[in-house]
Structure formats: C-alpha cells, structure tokens
Amino acid sequence: MSLKTIAVCNESELQDGQMKQVDFEGVGKVVLYRLNDTIHATSAFCTHYGAPLAKGVLTADGRVVCPWHGACFSVCTGDIEDAPAPAAIHSFKAGVVDGKINVTADPSLTLKSNMSRSPKLLSTGVAGSGKSVVIIGGGSATFHAIESLREHGYSGNITVLSQEKHPPIDRTKLSKALITDSSKLEWRTAADLKIKYGTTLRTGVTVTSVDTSSKLVVFDGGKESISYETLILAMGGTPRRLPISGSDLENVYTFRSIEDSKRVDAAAQEGKRMVVIGSSFIGMELVVAVAKRGLASIDVIGMEEHPFQNVLGKEVGQGLQMYHESQGVKFHLKTQVEKIIPSESDPSLAAGVVVSGQTLPADFIIMGVGVAPATEFLKQSGFQLEKDGGIKVDQYLKVQGQENVYAVGDIAWYPQHKTGESRRIEHWNVAGNHGRAVGKTIAGDPQPFEKVPVFWSAQGQQLRYCGLGADYDDIIIHGNPDEMKFIAYYVYRGEVVAVSSMQNDPVVSKASELLRLGLMPSPTELREGKSLLSIDISMASTKLRVESV
C-alpha cells in the first residue's frame, strides 16, 4: 500500500453538515463530510451499483445514504449500515493543515474500480468454538446474515441449506434484466464463503422438517440431518399459481429463480406472444425486460383499474400504464382470468388465456400473482404459522415460542418500529437488513429491527419507494406521473407514512431518513410546497433536536 497525502480543497468549502466529492490525484475520487468540527473522508461510490455517494443523503449521526437503492454506510468507518450494500467502502484519514483539507489515501483505493473494501471480519469461524448456526435458505437475508455474524465476532460454525444450486445472488436483476448466468449475480463465491467466512454451503438441498426438541434440521427426505445451536429460517417465498384450468401447462411460468429466468429468456424471442397475469412489480418488470425484443404482442391482465394501483395509487398507476401502452403493451384491467386453454397441436402447452370471454393468444404465459411464504414443511414441526403461512417474530426477529430460532425476510411477520403492528414485507432490502440484524444479535449484541422498508423497480424510469403505505388514505403528488417525473406522499391518519418517486433522486433516500428520525413534515406543509430536500438532517443542531425527542 502506497499512501499519499494531498490537499484536496479549502477548509472553507466544507461547512457543517455538508459533503463534497473531490478529485484525488486526477483520476481518483473521494467524498468529504463535515459533522460539526470533524471532517471524514471515504471512497466515492456505493458498492451496490456504483452510485455517486455525494449525490445521496448525509445525516448528523454519521450515515451516508446512496441516492438510488437505500444502501447506507458509516462516514466514520466506511462500514455497512444498511443493505443492499454487499461490501463496505474505504475510509481515509482527513485533517486540516493551513486552511486546506488534507486526505491521506492509497490512490488505487480512490478509483471506482476499487470501490469495495473487504469487510472487517472479527472472526472467520475457522478455529471453531463448538457453537453452530444453521440457515435454511439461500437469498438476501442469508448472505447478509453470514456477513454480519462474522463482522460482529461470531466464531461458531455456519451451515447454509439452500434449495438453489448456487450461492446467494442479486435476485433483483433476474426480473429486471433476465440474466441467466448465476455466476454474474453471486455476491460471494462458494469458495469465498468457505475460506473467508468459514461457511459450509449445501446447495440443491430440500429441508423436510425441523425437530426443535433435539435441535435437528432434517433434509433430503430424511436421508440427512444436521444439529444446530441457533437456527435462522430464511426460506423466502414460493411463487403462487392461480387455481384455474391450465395453470400447470409447460409454458405457463412463474418467476423467482435462475431457472425461471432461463425459461423466460428462451421463450421471449422475436415474433412470440406473451401474456402476463398480474399487473404488479414482477410481471411488469419482465414486460420492461423483454419490451425491446420484438415480440408480436404483450398482454397484461390485472384486477385493478390501473397497474400498481394498490401500492402506488391511481394517479401513479395511470401514469405508468400510459408509458407501457406507449411501448405497445395492451392491458386488460378490472378483470380476472377464467382459464388457460391448451394448444390443439400439443395439449401440454398453453395456447391462450380466456379473459371476459375473449381469448388472448399466447406462446408463453407469465403468472406474476405474488408469492407465499415457503414454510410448508414447518407445519408438522411444531411451528405456529399465520394464515398466510408466515411466522410471527418479536422485535429481535426471534420466533415466538421457540428457543434460539429466528425468522427473516419474506416469511417473517415482524413488529413495526413506530406502531408495534406486525407486518410481513416482501422487499429485498428488508430481507437483507433482517439478516444483518439477526447476525449481530446472535453474535452477542442484540439488535432490535427498526429499519424503514425501501424498494425500487425498473419501469421505463427508476421507481423508488420507502415506508409503509399499504393502508394509505390520501396521496399528495408533486410533479406529473404522466411524465414519469413525480414525488408521491402516502398519508395515513394525518401522517406521511411512505414516499415514492421517479426522476427525483435523492428524495426517497431523504424520505427514508426523515421517517427514521421522526422528522417527516406534515401533509399540510407538503401541500403548501415544502421540499424534503430543503430539510436539514446533517448539522449538529439536527442531531441535538432528534436526541431530545
């Protein structure tokens, strides 16, 4: 490592609560942050998808939030604060000499190509301690739980039992880009998990039961079992199929895995006809992913008046519908599928979907009608499941009535920080942050889960969303959803509980921090035109105000 100390700007250019990207040796980039009288410096790009951190949000308690997808880092250490960041950022020494801010760094670490810093693992588990964590599932929560366990010093064995045939991947790219090679999506290779994290990854494994009295997980039809001291249930969801005639035909696809992506990618070829059942996020992301492939037709069937309406509201749904229609998509809304009809030439394949007496011709069909918690095997294992198959947990994500068992991600009904009301939320960021929280708790530092949910979707423009707006009773809109440029505030009982946006970064990142800090303005203020970006949350005075609440 070759360190250099360089004067990057005048001290007067950086005031309390400000951040600033500066050059380092011409090609490198560094971000400076001033919190009260202390100056910090880090590398300049988010390790998730490379967003410039200087265009994000700085908070007085030392967090910098990515402007795109909610990843968050400590400006003091570079460590991960929130998922979906897969790796930390670099932290550099900064100080003031003769009115200039000096930064000391290895120039190579200021390059975007080296934006990720290896985690500071307090343990790799190699020596072993007699303790053991078993994780059932191989998704976002699993990856972040492994990282967090080792970052916080857990020294026991970690074993992952995953139905999938690869290490944890960035699943969000499947529906957005139809990537078919898992190696291009892996956060860590199996070798890295084994060597650097002391984690045994068992892929292609189907768990059949859990014996909580003897602390055994049984898999592969009872042929094998493994004991645990602590168990993390992170199975995620299973795509639903409508209970209609023809739903099991060969070219009727659900979508969640690499295998699903391969099937849809192979089917979505020029001149083919696609029908999508379901007008929400997975189905509509796939519509975007194949829109430029020259398909003969794309038909979308939905129960709402407009796509996304239940989540985003009528005005936003209408604007997104107009965009998709401009791309040649035809919607069949406020209706239900009657049946899927087989091909006369090959009865194993679907040839069309019947809606309101009309048959929509199809070469392949996507059934994007949600997921169910993948908990079926727990019914005979002494677990009390909710009506939808989810599992209720406490504020530490611990399963009620079970010893040393945690449930995270899509399957977990967990209490919300502000209200205590339990909800089950199927967001990628929520699963990742669940994993980080339980890893810290199991390692010996109990971590109640208090994160604000965040998600995003590719819909012609990037849609951002944060908060809990499922029960909204009013919406305030700034901008024009028809132009795919807006901010929508979702109100429940006189308070803003969620925010969505397009082409207004970093508004949603700012909103997530305002919700976290309890500083979101009132609906009245927003109706009068108040901008979230005008609200200070980075100066020392803000920190004092939050701490006094």
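Biologist: Which helices and strands each supply at least two residues of the lining of the largest cavity?

Modeller: Keep in mind that this is a predicted model. As for the general idea, rolling a probe the size of a water molecule over the atoms shows where empty space is left. Here, the elements with at least two lining residues each are β6 (63-65), α8 (428-442) and α9 (507-517). The largest share comes from α9, which provides three residues.

Biologist: How many cavities of 30 Å³ or more does a search of the whole structure find?

Modeller: Two turn up. The largest holds about 100 Å³ of space, and the second largest has a volume of about 50 Å³.

Biologist: OK, back to the largest one. Which residues lie nearest its centre?

Modeller: Look for Arg63, Asp82, Val452, Ser512 and Glu513, out of 14 lining residues. Then sort the lining by class: six residues are charged, four are polar and four are nonpolar.

Biologist: And what lines the second largest cavity?

Modeller: Pro67, Trp68 and Gly70 are there, along with Val454, Arg464, Asp505, Val508, Ser509 and Ser512. Here too one helix stands out: α9 gives the most to this lining, with three residues.

Biologist: How does the lining of the second largest cavity divide by class?

Modeller: Four of its residues are nonpolar, three polar and two charged. Try picking out Ser512 on the model: Ser512 is among the residues nearest the centre of the largest cavity, and Ser512 also lines the second largest one.

How values were computed
Residues numbered from 1 in each chain as written. Predicted model: local features only at pLDDT ≥ 70, side-chain atom pairs only at ≥ 80, totals over all residues. Heavy atoms only, no water. 1 Å grid on protein atoms, 1.4 Å probe; cavity = no way out; pocket = protein on both sides within 12 Å on 5 of 7 lines; lining within 4 Å. Points joined across faces, edges and corners; volume = space filled by probe spheres on them. Helix = DSSP H or I, 4+ residues; strand = E, 2+ residues; numbered from the N terminus. Nonpolar A, V, L, I, M, F, W, Y, C, P; charged D, E, K, R; others polar.
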